[in-house]
Amino acid sequence: MNINSNNRKFDGSVNDDVKSLLGTLVDKGTNSEQYKNTMLKLGQFMGKELLKKLDPTKKYCVASTVEDADFLANGIIDSIKDSVDTVYLACFWNDRFSNVAPIYNKYLDKGVENSHALIVVKSIMSGSCVVKTNITALINQIEASEIFVLAPVMHKDSQKKLEKEFPEQISNRFDYFSLAIDECRDESGEVLPGIGGSVYERLGFKGQSDKNKYLPNIVQKRIFAF
């Protein structure tokens with residue numbers, strides 16, 4: 001990774017176009033529609049990079065939070081779906097309070113238990129609670145030989161925090177992919193430069209309760225498809 005002046009380390013796959021997309025997330029002038037489109041594009045890029053590690057004969061479950069489903073997760077699915085056996089979706093509506101993130105609601109594709117591996121998606125990994133909760137919800141249903149953890153931005157301590165939440169036989173399966181690792185936080189704990197603030201508001205939601213009322217288009221389509 002290369003380090004820039006913002007104490008941000010970029011993954012080796014990141015080119016100038018991707019750096020520009022990450023800059024769009026941070027820019028406070030970016031409106032919600034531009035933000036959504038940027039997350040979709042970042043997901044498409046990350047999916048193409050992830051494909052280098054995927055087995056075309058295997059089935060994968062993409063696990064996403066509700067706010068990321070139509071954008072980041074959708075982009076990842078779009079880039080891998082034609083190159084592997086099957087891609088299932090698991091979508092979670094999490095209520096986050098301090099260091100816990102209980103599941104308010106969930107959607108699972110029919111057949112998700114047949115997945116060989118998990119791809120856990122999050123817009124930013126500041127800590128570990130949401131990713132931990134969503135992995136825990138699936139790990140007893142899916143015999144996952146690999147657990148890919150994807151986020152455009154991660155805080156430098158988030159991987160260690162996540163691994164402490166699981167026994168070694170599970171944490172040994174984690175394979176992380178982020179485009180940028182950030183070291184700094186502000187007084188409130190927000191990662192800097194991160195993704196430009198709270199993803200709920202940046203995506204156009206009014207907050208946590210508002211995003212938990214949202215039924216993603218990708219989920220609606222799958223409800224009718226299955």
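These legends walk through several close-up views of a predicted model.

**Figure 1. The largest pocket holds about 520 Å³ of space.** Welcome to the first stop. A total of 21 residues line this largest pocket, and the ones closest to its centre are Arg-96, Ile-124, Ser-126, Gly-197 and Ser-198. What mix of residue classes makes up the lining of the largest pocket? There are 9 polar residues, together with 6 nonpolar and 6 charged ones. Keep Arg-96, Ile-124 and Ser-126 in mind, since these names come back in the next view: each of them also belongs to the lining of the largest cavity.

**Figure 2. A cavity of about 60 Å³ is the largest in the model.** Searching the whole structure turns up 1 cavity of 30 Å³ or more. Its lining is made by Arg-96, Lys-122, Ile-124, Met-125, Ser-126, Gly-127, Ser-128, Cys-129, Val-130 and Val-131. Two elements, β7 (124–125) and α4, each give at least two residues to this lining. Which element has the largest share of the lining of the largest cavity? Helix α4 does, with 3 residues. Sorted by class, the lining of the largest cavity has 5 nonpolar, 3 polar and 2 charged residues.

**Figure 3. The second largest pocket encloses about 270 Å³ of space.** Here 13 residues form the lining, and those closest to the centre of the second largest pocket are Asp-70, Asn-74, Asn-217, Ile-218 and Lys-221. Three elements contribute two or more residues each: α2 (32–50), α3 (66–80) and α9 (217–225). Among the elements, α3 gives the most to this lining, with 5 residues. The lining of the second largest pocket counts 5 nonpolar and 5 charged residues, along with 3 polar ones.

**Figure 4. Leu-215, Ile-223 and Phe-224 make a nonpolar patch on the surface.** Together, the three residues of this patch have about 340 Å² of accessible area. One of them, Ile-223, sits in helix α9, an element that also gives residues to the lining of the second largest pocket. Is Ile-223 buried or exposed? The label is partly exposed, because the relative accessibility of Ile-223 is 43%.

**Figure 5. A salt bridge joins the side chains of Asp-182 and Arg-8.** In this pair, N and O are 2.7 Å apart. The two partners come from distant parts of the chain, 174 residues apart: Asp-182 belongs to strand β9 (residues 174–182) and Arg-8 to strand β2 (residues 8–10). Asp-182 has 0% relative accessibility and so counts as buried. Arg-8 counts as buried too, because its relative accessibility is 4%. For context, the whole structure contains 10 salt bridges, and the next two views show others from the model.

**Figure 6. Asp-175 and Lys-53 are partners in a salt bridge.** The closest N and O atoms of this pair are 2.9 Å apart. Where do the two partners lie? Asp-175 is found in strand β9, while Lys-53 is in the loop between α2 and β3 (59–65), so the pair links distant parts of the chain, 122 residues apart. With a relative accessible area of 24%, Asp-175 is partly exposed. Lys-53 is also partly exposed, with a relative accessible area of 47%.

**Figure 7. Glu-165 and Lys-132 form a salt bridge.** Their closest N and O atoms are 3.5 Å apart. Glu-165 is in the loop between α5 (158–163) and α6 (168–171), and Lys-132 is in helix α4 (residues 129–139); this pair links distant parts of the chain, 33 residues apart. Glu-165 has 39% relative accessibility and therefore counts as partly exposed. Lys-132 is partly exposed as well, at a relative accessible area of 30%. Readers may recognise α4 from Figure 2, where this helix supplies 3 residues to the lining of the largest cavity.

**Figure 8. Leu-192 and Pro-193 are joined by a cis peptide bond.** The omega angle of this bond is about -5°. Where along the chain is Pro-193 found? Pro-193 belongs to the loop between β11 (191–192) and α7 (199–202).

Terms used
Residues numbered from 1 in each chain as written. Predicted model: local features only at pLDDT ≥ 70, side-chain atom pairs only at ≥ 80, totals over all residues. Heavy atoms only, no water. 1 Å grid on protein atoms, 1.4 Å probe; cavity = no way out; pocket = protein on both sides within 12 Å on 5 of 7 lines; lining within 4 Å. Points joined across faces, edges and corners; volume = space filled by probe spheres on them. Nonpolar A, V, L, I, M, F, W, Y, C, P; charged D, E, K, R; others polar. Helix = DSSP H or I, 4+ residues; strand = E, 2+ residues; numbered from the N terminus. Patch = residues over 30% accessible without salt bridge, like charges linked within 9 Å, V, L, I, M, F, W, Y side chains within 5 Å. Areas by Shrake-Rupley, 256 points an atom, 1.4 Å probe, with all protein chains shown as cover. Salt bridge = Lys/Arg side-chain N within 4 Å of Asp/Glu carboxyl O. Buried < 20%, exposed > 50% of the residue type's maximum accessible area, 1.4 Å probe, protein only.
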